[in-house]
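Reader: I'd love a close look at one part of this model, the largest pocket. Please start with its make-up and then follow the chain outwards from there.

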Amino acid sequence: MKKIVLGYRDRAAELKGILLTDDSAASPRPGVVLFPDARGIGTHAIARAERLAALGFVVLVADLYGDGKTAPDVPQAIELMNGLRADTARWRERAEAAHLALAGHDPVDATKLAAIGYCFGGSTALELARTGANLAAVVSFHGGFPSERPEDAANIKAKVLVCHGAADALVSLTQLANFAREMRATSVDWQAHVYGGAAHGFTNPELIDASIPNHAYHADADRRSWAAMLGLFDEVFATAMR
């Protein structure tokens, strides 16, 4: 498997994503832009990208903050996250820059692209979808739903899957219900999976010993949500990558 730093940019920053690909797989092939959680590119995001690359996808782990910046702790992650999402246009441009960087990479079939994300990254994937980006699928894992421009849901071209923990104390079931109402007002092909007992961050094994309030790993929800994502990918890319 090849893993390289991929430089790209938007109007505000030089960006450094991590591109992962299995050169033994046939080309061109589907691409996935992966938006990490609020800490930026870290071991959880890379591990997920490696799993997808091993299945034959080309994966770009996106740089959220510029120059590959990451947050060492939760307070700094919140500060960086809030700074980016305070300006919806800039936030969307940052996401679109990653999407375009992946689409322009040689092994990628630019007609077969997906965006996924974890926590803040899940919110970012949904925000990218609201721009009308040419994506076949968008998947949010324990991401947030509120948007400054909820009416832009009508622009979504992708099939949307949101994977949510029923015990998530940070993103409520009421917020999920509001998101569902927004989706019902559109023609978007969408689905929501809710996992009983799963808290915020349920896909991240690093949380087992982390003792971060309102966050916890949930093995069953992790396994089931991953399988749901791959099922959607099989559907939209018309090929079994597993």
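The largest pocket and its surroundings

Author: Happy to! The lining of the largest pocket is made up of 19 nonpolar, 14 polar and seven charged residues (nonpolar is Ala, Val, Leu, Ile, Met, Phe, Trp, Tyr, Cys and Pro; charged is Asp, Glu, Lys and Arg; polar is the others, Gly among them). Please keep in mind that this is a predicted model, where local features need pLDDT of at least 70 and side-chain atom pairs pLDDT 80 or more, while totals for chains, interfaces and linings use all residues. Numbering starts from 1 along each chain as its sequence is written, and side-chain values use heavy atoms, without hydrogens and water.

The largest pocket holds about 860 Å³ of space, the volume filled by probe spheres set on its grid points, which are joined across faces, edges and corners. A pocket here is an open set of points on a 1 Å grid over the protein atoms alone where a 1.4 Å probe fits, with protein on both sides within 12 Å along at least five of seven lines; lining residues have an atom within 4 Å of a point. Of the 40 residues that line the largest pocket, Ala38, Met81, Cys119, Phe120 and His200 are the closest to its centre. Two or more lining residues come from each of helix 2 (74-85), helix 3 (88-103) and helix 4 (120-130), and helix 2 gives the most, with six. Helices (H or I, at least four residues) and strands (E, at least two) are DSSP runs numbered from the N terminus.

Let's stay with helix 4. Eleven of its eleven residues are buried (under 20% relative accessible area, with a 1.4 Å probe and protein chains only). Among them are Phe120, which is also one of the residues closest to the centre of the largest pocket, and Glu127 and Arg130, at the other end of the run. After helix 4 comes Gly132, with a positive phi near 85°.

Arg130 leads us on to Asp152, which sits in the loop between strand 6 (137-141) and strand 7 (159-165). Leaving out neighbours within four places in sequence, Asp152 is in contact (heavy atoms within 4.5 Å) with Arg92 and Arg130. Asp152 counts as buried because its relative accessibility is 14%.

Just ahead of helix 4 is Tyr118, in strand 5 (residues 108-118). Tyr118 has 1% relative accessibility, so it is buried too. Beyond its neighbours within four places, its contacts include Leu34, Phe35, Asp37, His44, Phe141, His142, Thr203 and Trp226. From Tyr118 to Gly196, 78 residues away in sequence, the C-alpha distance is 18 Å.

Phe35, one of those partners, belongs to strand 3 (residues 29-35), and its 1% relative accessibility makes it buried as well. Past four places in sequence, Phe35 touches Gly121, Thr124, Ala125 and Leu128, among others, and these four are among the buried residues of helix 4. Other partners of Phe35 include Ala62, Leu64, Ala95 and Ala98. The C-alpha atoms of Phe35 and Asp63 lie 7.7 Å apart, with their positions 28 residues apart along the chain.

Stepping back, the protein chain has six helices and eight strands, running β-β-β-α-β-α-α-β-α-β-β-α-β-α from the N terminus. Its C-alpha atoms fill a box of roughly 40 × 40 × 35 Å along the principal axes. Of its 242 residues, 52% are buried. Among contacts with a separation of 6 or more, 65% join residues 24 or more positions apart.

Conventions: Buried means under 20% relative accessible area, exposed over 50%, partly exposed in between (1.4 Å probe, protein chains only).
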